[in-house]
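Welcome, and please open the model in your viewer. We will go from one selection to the next and see what is there.

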Amino acid sequence: MLSSIGIPGLILILIIALVIFGPSKLPEIGRAFGRTLTEFKTAAKDLTKDDDEKEKAPEEEALKRIN
């Protein structure tokens, strides 16, 4: 979907955002977007980490029984 936008489309979107929000708000919006992405990445990492631990738990328990 985003691959069809291209560079001219992105420039147009940035110009429209600049007109709508103004130059003082754009850095704040960028920071908020960056924080949101960071929180999403950490949450996704925690979910996959929990899944990995759940998969390893039966294996570790079986190894404890053998030893």
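Start by selecting T38: with a relative accessible area of 47%, T38 counts as partly exposed, a class that lies between buried (under 20%) and exposed (over 50%), taken with a 1.4 Å probe on protein chains only. T38 sits in helix α2, residues 26-66; helices here are DSSP runs of H or I with at least four residues, strands are E runs of at least two, and both are numbered from the N terminus. Now add G34: its backbone oxygen is 2.9 Å from a polar side-chain atom of T38.

A word on the ground rules: this is a predicted model, where local features need pLDDT of at least 70 and side-chain atom pairs pLDDT 80 or more, while totals for chains, interfaces and linings use all residues. Residues are numbered from 1 along each chain as its sequence is written, and side-chain values use heavy atoms, leaving out hydrogens and water.

Next, select K25 and E28. They form a salt bridge, with the closest N and O atoms 3.7 Å apart; the term asks for a side-chain nitrogen of Lys or Arg within 4 Å of a carboxyl oxygen of Asp or Glu. The structure holds one salt bridge. K25 is partly exposed at 42%, and E28 is partly exposed too, at 43%.

Move to helix α1, residues 6-21. Its end C-alpha atoms are 22 Å apart, in agreement with the 22 Å expected for 16 residues at 1.5 Å a residue, where the count is taken as one less than the number of residues. Right after α1 comes G22, with a positive phi near 85 degrees.

Which residues form the nonpolar surface patch? Select I5, I7, L10, I11, I13, I15 and V19, with about 650 Å² of accessible area together. Patch members have over 30% relative accessible area and no salt bridge, and nonpolar side chains (Val, Leu, Ile, Met, Phe, Trp, Tyr) are joined within 5 Å, like charges within 9 Å. Within it, I11 is partly exposed at 45%.

Finally, zoom out. The protein chain has two helices and zero strands, and 4% of its 67 residues count as buried.

How values were computed:
Areas by Shrake-Rupley, 256 points an atom, 1.4 Å probe, with all protein chains shown as cover. Polar contact = N/O pair within 3.5 Å; in protein donor to acceptor, adjacent residues only side chain to side chain.
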